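Here's a quick tour of the model you have on screen. Keep the viewer open and follow along section by section.

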Amino acid sequence: MVDLSSRNPDWWRQAVIYQVYPRSFADADGDGLGDLKGVTERLSHLAALGVDALWLSPFYPSELADGGYDVADHRDVDPRLGTLDDFDAMTAEAHRLGLKVIVDVVPNHTSHLHPWFQAALRAGPGSPARDRYVFRPGRGRRGELPPSDWQSVFGGSAWQRVPDGEWYLHLFAPEQPDLNWEHEEVRADFRTTLRFWSDRGVDGFRIDVAHALVKDLAEPLRDVSEFGSTGEEALERVPPGTHPYWDRDEVHEIYRDWRKIFDAYSPPRTAVAEAWVPGARRALYARPDELGQAFNFEYLQAPWDADALRQVIADSLATAGAAGASATWVLSNHDVVRHASRLVLPPGTDENAWLLSGGHAPRTDAAHGLRRARAATLLMLALPGSSYVYQGEELGLPEVADLPTAVLQDPIWEQTGHVRKGRDGCRVPLPWTTGGPSYGFGTAGAWLPQPEWFGSYAVEAQAGAEGSTLELYRTALRLRRKLLDGETLTWAEAPEGVLHFARSDGWRCVTNVSHVPVPLPPGEVLLASVPLPLDGTLPPDTTVWLGA
Ligand code: GLC
């Protein structure tokens with residue numbers, strides 16, 4: 001059994017971390033927007049679920065141009081979400097319940113409302129204030145063209161012109177100017193931020209777009225058209241470290257510096273990188289003298305196919321192990337289509353086209369999606385390493401694919417000129433009760449409309465209900481705590497389309513990813529993702545945990 005007690009400095013290596021998207025979790029003050037008091041009031045749900053920690057997406061002052069990832073002050077709470085006292089109360093209650101607290105750090109950019117950016121705008125070209133960001137003159141005879149062809153992840157040029165004629169870089173929304181990490185004040189300010197939250201008792205950090213901080217700003221700026229693609233997918237094809245703004249080698253210095261801060265606390269503060277980079281490069285962020293862990297998006301992106309899953313699992317364990325990190329697993333988060341829907345989209349489906357069709361083309365079968373989601377979850381929770389679960393997945397929530405475009409808040413919708421629908425469909429506020437004004441989310445409405453069917457997925461409908469997805473998660477997490485052992489697995493012989501592995505203590509996990517029933521291997525059934533038939537078979541889209 002692994003020691004998950006609060007004093008164990010390695011508590012995070014095989015923890016289950018629950019992601020709270022604060023605006024959509026629980027609304028205590030009835031303004032339609034979730035808040036920190038709402039989180040505190042609902043922490044008992046997380047304790048009953050049996051997770052080890054919660055990770056809060058940003059709750060900092062923000063005009064919400066990008067759901068809070070546009071931070072105007074990294075060391076305060078947005079007044080609509082509460083106060084620093086509310087944050088302290090939440091942390092104290094979480095710790096009382098045995099839950100660790102992880103907060104998001106957004107170091108690549110600030111909000112354009114951040115005092116530094118406002119000062120930069122006022123100070124004019126060539127001023128030291130502009131040097132904290134990336135300002136450049138334009139190309140073309142009158143500087144009317146952007147300084148390079150760099151593209152925003154959210155669509156369009158990554159450069160925005162200001163009235164005096166200079167351009168500034170924003171790899172995300174124009175309201176999110178990129179910081180200049182070659183500037184010592186920027187580095188110093190983030191050290192202060194890490195200490196600020198660590199001193200308040202925060203146990204760890206999730207580092208937003210950890211692979212973007214350092215850019216190649218040598219003149220002339222290099223265009224990215226030579227890479228054939230402007231997105232992170234170009235990284236698969238270019239020599240590592242050569243892209244002008246993704247995954248540059250120099251970024252690792254920053255994390256080695258941060259590690260010294262983390263290790264000055266007892267237990268050391270933990271960190272996980274959000275870095276959309278290929279496996280072996282991703283592991284560099286997770287080295288013990290850097291962040292310790294990195295999100296493994298390859299597992300999230302893997303199709304529901306036994307060979308693909310086996311390969312991704314093996315590769316992930318190997319690369320994490322070689323770096324001295326523990327592996328991470330994630331199926332859903334606030335940026336992707338919820339896995340109860342995604343796993344039944346036919347291979348090759350354009351997810352954006354599916355969202356634009358309101359979830360009608362292709363039509364997905366919710367019951368089948370839930371079945372696969374439950375099987376995928378039990379598989380994930382049996383793997384060595386940490387699992388990150390996203391609020392609402394413990395209810396089996398599907399994506400809300402039919403949000404009317406008039407209510408969309410994600411900047412992607414506007415920035416792509418209504419081409420990409422964006423990520424709002426996984427951010428709809430949670431249903432806690434089967435009825436009421438916002439299904440128990442708050443006393444008033446919700447900032448994104450909840451569909452009528454939401455009530456049937458509510459916590460109230462599932463708590464104590466035999467066979468519910470919530471009870472499956474609770475049972476799985478309870479069992480997992482007892483079963484956890486070394487960070488390795490051994491593959492067992494299995495028919496085609498079936499994954500079968502044993503953990504070091506002999507506990508086994510079998511998932512049937514094929515379309516036909518297969519013989520259930522011998523052993524005591526500890527847990528199954530759906531009730532098993534009595535004929536000794538393991539049906540399709542089912543996971544079972546077997547005793548040693
Ligand atoms: C990360 C966040 C995403 C945000 C982006 C810019 O990818 O997960 O939600 O939009 O960074 O901060």
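## A proline to start with

Where does Pro220 lie? Look in the loop between β7 (204-207) and α6 (251-263). One thing to keep in mind as you click around: this is a predicted model.

Pro220 is worth a stop for its backbone, since the peptide bond that leads into it from Glu219 is cis, with omega near -10°. For context, most peptide bonds are trans.

## The eight-stranded sheet

Now zoom out to the open sheet of eight strands. Reading across, the order goes β9-β8-β7-β3-β2-β1-β11-β10, and the pairing is parallel. At the edges you'll find β9 (292-294) and β10 (328-330); each has a single partner strand, so one side of each is left without a neighbour in the sheet. Going from one strand to the next, the twist averages 25°.

For a closer look at one pairing, pick β1 (residues 16-20) and β2 (residues 53-56). These two run parallel and share four bridges. If you want a landmark, find Ile17, which sits opposite Ala53 of β2. As a reminder, strands of a sheet pair through backbone hydrogen bonds, either parallel or antiparallel.

There's a helix to spot here too. Helix α12 (residues 366-382) lies across β1, β10 and β11 (386-390), and its direction is at about 145° to that of β11.

## The small sheet of three

A second open sheet has three strands, in the order β4-β6-β5, and this time the pairing is antiparallel. Its edges are β4 (135-136) and β5 (159-161), each with a single partner strand, so one side of each has no neighbour in the sheet.

Strand β4 is joined to β6 (residues 167-169) by two bridges, with the two strands running antiparallel. To find the spot, start at Phe135: its bridge partner in β6 is Tyr168.

## Around the ligand

Next, the ligand. How many residues surround it? There are 14, and the closest are Asp66, Asp208, Glu274, His334 and Asp335. Sorted by type, the shell has four nonpolar, three polar and seven charged residues.

Three side chains are handy to check by distance. A polar side-chain atom of Glu274 lies 2.7 Å from a ligand oxygen atom, while for His334 the figure is 2.9 Å, again to an oxygen atom of the ligand. Arg206 also has a polar side-chain atom 3.0 Å from an oxygen atom of the ligand. Overall, the protein covers 97% of the 310 Å² of accessible area that the ligand has on its own.

## Two more backbone oddities

Back to the backbone for a moment. The peptide bond from Ala361 to Pro362 is cis, with omega near -5°. You'll find Pro362 in the loop between α11 (351-356) and α12, the helix that lies across β1, β10 and β11.

Finally, have a look at Leu64, in the loop between β2 and α3 (84-96). Its phi is near 65°, a positive value in a residue other than glycine. Most residues other than glycine have a negative phi.

Terms used. Residues numbered from 1 in each chain as written. Predicted model: local features only at pLDDT ≥ 70, side-chain atom pairs only at ≥ 80, totals over all residues. Heavy atoms only, no water. Pairing = 2+ DSSP bridges. Axes fitted to C-alpha atoms, helices over the stretch in contact; angles between N-to-C directions. Contact = heavy atoms within 4.5 Å. Near = heavy atom within 4 Å. Polar contact = N/O pair within 3.5 Å; in protein donor to acceptor, adjacent residues only side chain to side chain. Areas by Shrake-Rupley, 256 points an atom, 1.4 Å probe, with all protein chains shown as cover. Nonpolar A, V, L, I, M, F, W, Y, C, P; charged D, E, K, R; others polar.
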